[in-house]
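Here is a short note to read alongside the model, written as a friendly walk-through. Please keep the viewer open and look up each residue as it comes up.

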Amino acid sequence: MILKSEGKKRETAKVVVFGNTTRFNGRLKFKDSLCIQGTFKGTIDATGDLIVDKGAVVEADSITVNSLLVYGTVVGAVNAQDRIDMYSGAEVRGDLSAARLRIADGVLFEGQCSMTGVSKDVEIFSRPTEEIKAELQRMNA
């Protein structure tokens, strides 16, 4: 499986898949990536990425992951170190905490969201464009 990130393909990552007939209740811990296509109920405490595929249902007391990509249904509080992406057709019910959040058109989202890891001292709109471009070029070099 190839994960897409910021429009670029990443290297093929280790992804464990819980197929669409899989039903799992309990506590999940994982380090790499997990794609749920079936049903999960319980708690997720992981350092990897979680993908909730179209048609999948995840009902959790809490979800802690590096990033969450939602195409299906997620019910519960989510804490993502990096980002949460919700794609068209996704349903998310619960409070979210992440550094970055993307919500596509056609997503049903009920809950509150808090952004983490954002310095309050950063004001990009007052910086000259040339300074920002130069910094980006240094980062990509």
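The points below go through aromatic pairs and two polar residues.

1. Before we start, this is a predicted model, in which local features need pLDDT of at least 70 and side-chain atom pairs count only at pLDDT 80 or more, while totals for chains, interfaces and linings use all residues. Residues are numbered from 1 along each chain as its sequence is written, and side-chain values use heavy atoms, with hydrogens and water left out.

2. How many aromatic pairs does a search of the whole structure find? There are three; rings of Phe, Tyr and Trp (its six-membered ring) pair if their centres lie within 6.5 Å, and planes under 30 degrees apart count as stacked, over 60 as edge-to-face and the rest as tilted. The F24 and F40 pair is stacked, because the ring centres are 5.8 Å apart and the planes sit at 15 degrees. This pair links distant parts of the chain, with F24 in strand β4 (residues 23-28) and F40 in strand β6, 16 residues apart. Strands here are DSSP runs (E, at least two residues), numbered from the N terminus.

3. Are these two rings buried or exposed? F40 is buried, at 0% relative accessibility, whereas F24 is partly exposed, at 28%. Buried means under 20% relative accessible area, exposed over 50%, and partly exposed in between (1.4 Å probe, protein chains only). Ring pairs also join F18 with F24 and F40 in a cluster.

4. Now find Y71 and Y87, another stacked pair, with 4.4 Å from centre to centre and 5 degrees between the planes. Y71 lies in the loop between β8 (57-70) and β9 (73-86), and Y87 in the loop between β9 and β10 (91-93). Y71 is partly exposed at 31%, and Y87 is partly exposed at 26%.

5. Y87 also leads us to D85 in strand β9, since a polar contact of 3.5 Å joins their side chains. A polar contact is a pair of N or O atoms within 3.5 Å; within protein, one must be able to donate a hydrogen and the other to accept it, and residues adjacent in sequence count only if both atoms are side-chain atoms. The side chain of D85 makes another polar contact, at 3.1 Å, with that of R102. D85 is buried, with a relative accessible area of 3%.

6. Finally, T43 sits in strand β6 (residues 39-45) and is buried at 14%. Its side chain makes a polar contact of 3.4 Å with the side chain of D61.

Technical notes:
Helix = DSSP H or I, 4+ residues; strand = E, 2+ residues; numbered from the N terminus.
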